[in-house]
Amino acid sequence: LHLSIRRQRQMCIRDSIGGVLIYILAFFMSRSIRRPILSLSQLFKKIDASGDFSLRVTDIVSTDEIGQMANAVNQHLESLQHAIGAANTVVTDLSEGRFDNRIELDFMGDLGTLKVGVNNSADSVEKTMDGLEEVLKAIATGNFSYRLEGASAIGSDFRATLISTMKTMEQAIGEILSLIHI
């Protein structure tokens with residue numbers, strides 16, 4: 001009987017120590033998972049509040065799944081930052097009269113769609129400005145009969161306005177000349 005009580009006591013102590021060790025292990029494991037997830041959550045909140053895509057995950061250096069997730073987030077943020085920067089450069093150049101810049105970086109998905117949209121817009125602005133330059137050169141040399149025949153890439157509304165303006169100017173010049181000859 002004395003032996004069995006002793007054995008029960010040993011088992012109880014062993015089980016208690018095992019329970020405490022399991023609790024301590026679980027505590028540290030949960031902290032090692034919780035901290036990186038909180039760090040990512042805080043990063044997303046900062047980006048949402050600031051719109052700053054230059055922010056990065058810097059405090060997660062592990063190579064486990066959470067570290068891989070942090071690296072993927074950083075790569076995604078870098079792609080976003082490059083795409084937005086390239087689009088801003090092209091649009092800024094357009095606003096300053098430089099029409100030859102395009103986004104050259106390779107992007108996929110929505111960023112690829114953004115690239116195509118910005119580049120197509122820049123192409124359209126460049127072709128429109130080239131057409132306008134042709135018309136102004138013709139007017140400057142007194143050629144009021146000039147037409148934008150080869151400028152089909154110019155938006156139809158703008159092209160129609162240019163053609164109509166040139167016709168009106170040609171008619172006005174014709175009427176002035178006919179009055180002078182009377």
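Here are legends for a few close-up views of this predicted model.

**View 1. Arg102, a buried arginine in a loop.**
We're in the loop that links helix 2 (65-95) to helix 3 (109-140), and that's where Arg102 is found. Is Arg102 buried or exposed? Its relative accessibility is 13%, and the cut-off for buried is under 20%, so Arg102 counts as buried. Look at what its side chain does with its polar atoms: one of them lies 2.7 Å from the backbone oxygen of Phe99. The Arg102 side chain also makes a polar contact, again at 2.7 Å, with the side chain of Glu126. Leaving aside residues up to four places away in sequence, Arg102 touches Val90, Asn119, Ala122, Asp123 and Glu126.

**View 2. The largest nonpolar core.**
Which residues make up the largest nonpolar core? There are 11 in all: Leu80, Ala83, Ala86, Ala87, Val90, Leu94, Ile103, Phe107, Leu111, Val118 and Ala122. Helix 2 and helix 3 are the elements that give two or more residues to this core. Helix 2 has the largest share, with six residues. Zoom in on Ala86 and you'll find it touching Ile103 and Leu105, not counting residues up to four places away in sequence. Another core, of nine residues, lies apart from the largest one; Leu43, Ile47, Val73 and Leu77 are among its members. As background, nonpolar side chains in soluble globular proteins tend to be buried together.

**View 3. Helix 3 packed with helix 4.**
How do helix 3 and helix 4 (residues 156-180) pack? Their axes are 11 Å apart and the angle is about 5°. Angles under 35 degrees count as roughly parallel, so that label fits helix 3 and helix 4. On the helix 3 side the contact has Thr128, Leu132, Val135 and Ile139, and these meet Phe158, Leu162, Met166 and Met169 in helix 4. Sorted by type, the residues of this contact come out as seven nonpolar, one polar and no charged.

**View 4. Thr141, exposed in the loop after helix 3.**
Thr141 lies in the loop between helix 3 and helix 4. Its relative accessible area is 64%, and exposed means over 50%, so Thr141 is exposed. What does the side chain of Thr141 reach? That would be the backbone oxygen of Ala138, at 3.0 Å. Set this beside View 1: Arg102 counts as buried, whereas Thr141 is exposed, and each has a side chain that pairs with a backbone oxygen, that of Phe99 for Arg102 and that of Ala138 for Thr141.

Terms used: Residues are numbered from 1 along each chain as its sequence is written. This is a predicted model: local features need pLDDT of at least 70, side-chain atom pairs count only at pLDDT 80 or more; totals for chains, interfaces and linings use all residues. Side-chain values use heavy atoms; hydrogens and water are left out. Helices (H or I, at least four residues) and strands (E, at least two) are DSSP runs, numbered from the N terminus. Buried means under 20% relative accessible area, exposed over 50%, partly exposed in between (1.4 Å probe, protein chains only). A polar contact is a pair of N or O atoms within 3.5 Å; within protein, one must be able to donate a hydrogen and the other to accept it, and residues adjacent in sequence count only if both atoms are side-chain atoms. Contact means heavy atoms within 4.5 Å. Axes are lines fitted to C-alpha atoms, for helices over the stretch in contact, and angles run from 0 to 180 degrees between N-to-C directions. Angles under 35 degrees count as roughly parallel, over 145 as roughly antiparallel, 65 to 115 as roughly perpendicular and the rest as oblique. Ala, Val, Leu, Ile, Met, Phe, Trp, Tyr, Cys and Pro count as nonpolar, Asp, Glu, Lys and Arg as charged, and the others, Gly among them, as polar. A nonpolar core is a set of buried Ala, Val, Leu, Ile, Met, Phe, Trp, Tyr and Cys residues joined through side-chain atoms within 4.5 Å.
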